[in-house]
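Me: I should like a close examination of one part of this model, taken in its setting within the chain. Please treat the matter in one connected account.

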Amino acid sequence: MADWRCRTSAHNRIRINRKLHNGMSGTVTHTMTSLTTVTRAFEILDLLWKLDGAGPTEIAAELDVPNSTVYDYLESLTDTKFVSKEKG
């Protein structure tokens, strides 16, 4: 089974953006589907970073979403070079 890993350069971008977000006051609300999609992508990236790689089944269980949904996100994140798939 292959593990998916968050690439360092992508995680560095996330960490920078989190610092910016943490400095903001108020609560971010999700009013559009596209924002939910972006949020889910970042949840997956964050989980990959914390677990130092994981498979779709493990991620799906952590986020309580279908495996197929996680797999689609991982494929998209791989296409954009934010994650890489490693044989394991």
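Is aspartate 64 buried or exposed? Please begin there, and then describe the packing of H3 against H4.

Reply: Aspartate 64 is exposed, since its relative accessible area is 72%, above the 50% that marks the exposed class. The model is a predicted one. Aspartate 64 belongs to the loop that links H3 and H4. Its backbone deserves notice as well: phi is positive, about 60°, although the residue is not a glycine.

A comparable case occurs in the loop before H3. Aspartate 52 lies between helix H2 (33-51) and H3, and its phi is near 55°, again a positive value in a residue other than glycine. Aspartate 52 counts as exposed because its relative accessibility is 57%. The loop between H2 and H3 also holds glycine 55, and here the surroundings are of another kind: glycine 55 is buried, as its relative accessible area of 5% shows. The C-alpha atom of glycine 55 lies 8.9 Å from that of tyrosine 71, although 16 residues separate the two in sequence.

Tyrosine 71 leads directly to the helix pair, for it is one of the H4 residues that meet H3. Helix H3 covers residues 56-63 and helix H4 covers residues 67-79; the two pack at an angle of about 115°, and their axes are 8 Å apart. The crossing of H3 over H4 is right-handed. On the H3 side the contact is made by Pro56, Thr57, Ile59 and Ala60, and on the H4 side by Asn67, Val70, Tyr71 and Leu74. Sorted by class, these comprise six nonpolar residues and two polar ones, with no charged residue.

Three of the residues in this contact, Ile59, Val70 and Leu74, reappear in the interior of the model. The largest nonpolar core has 14 residues, and Ile44, Leu48, Ile59, Val70, Leu74, Leu77 and Val83 are those that touch the most other members. H2, H3 and H4 each supply at least two residues of this core, and the greatest contribution, five residues, comes from H2. As a general matter, nonpolar side chains in soluble globular proteins tend to be buried together.

Two members of the core may be followed further. Leucine 77, with its neighbours within four places in sequence left aside, is in contact with Ala41, Ile44, Leu45, Phe82 and Val83. Of these, valine 83 is placed in strand E2 (residues 83-87). Valine 83 is buried, because its relative accessible area is 2%, where the buried class ends at 20%. Its C-alpha atom is separated by 8.6 Å from that of leucine 48, a residue 35 positions away along the chain.

H2 also carries the charged pairs. The count of salt bridges comes to two. In one of them, glutamate 43 pairs with arginine 40, with the closest N and O atoms 3.4 Å apart. Both residues lie in helix H2, three residues apart, about one turn of the helix. Glutamate 43 counts as partly exposed, as its relative accessibility is 34%.

The other salt bridge joins lysine 50 to aspartate 46, and its closest N and O atoms are 3.3 Å apart. Because lysine 50 and aspartate 46 are four residues apart in helix H2, about one helical turn separates them. The two partners fall in opposite classes of accessibility: lysine 50 is exposed, with a relative accessible area of 62%, whereas aspartate 46 is buried, with a value of 12%. In general terms, side chains of opposite charge can pair when their charged atoms come close.

The whole chain provides the frame for these details. It has four helices and two strands, which run β-α-α-α-α-β from the N terminus on. Of the 88 residues in the chain, 28% are buried. Among contacts with a separation of 6 or more, 69% are between residues 24 or more positions apart.

To return to the part requested, H3 is preceded by a loop that holds aspartate 52 and is followed by one that holds aspartate 64. Each of these two aspartates is exposed, at 57% for aspartate 52 and 72% for aspartate 64. Between these loops, H3 offers Ile59 to the contact with H4, and Ile59 is also among the core residues that touch the most other members.

Note on methods
Residues numbered from 1 in each chain as written. Predicted model: local features only at pLDDT ≥ 70, side-chain atom pairs only at ≥ 80, totals over all residues. Heavy atoms only, no water. Axes fitted to C-alpha atoms, helices over the stretch in contact; angles between N-to-C directions. Left-handed = near helix turned anticlockwise from the far one by under 90°. Contact = heavy atoms within 4.5 Å. Nonpolar A, V, L, I, M, F, W, Y, C, P; charged D, E, K, R; others polar. Buried < 20%, exposed > 50% of the residue type's maximum accessible area, 1.4 Å probe, protein only. Core = buried A, V, L, I, M, F, W, Y, C linked by side-chain atoms within 4.5 Å. Salt bridge = Lys/Arg side-chain N within 4 Å of Asp/Glu carboxyl O.
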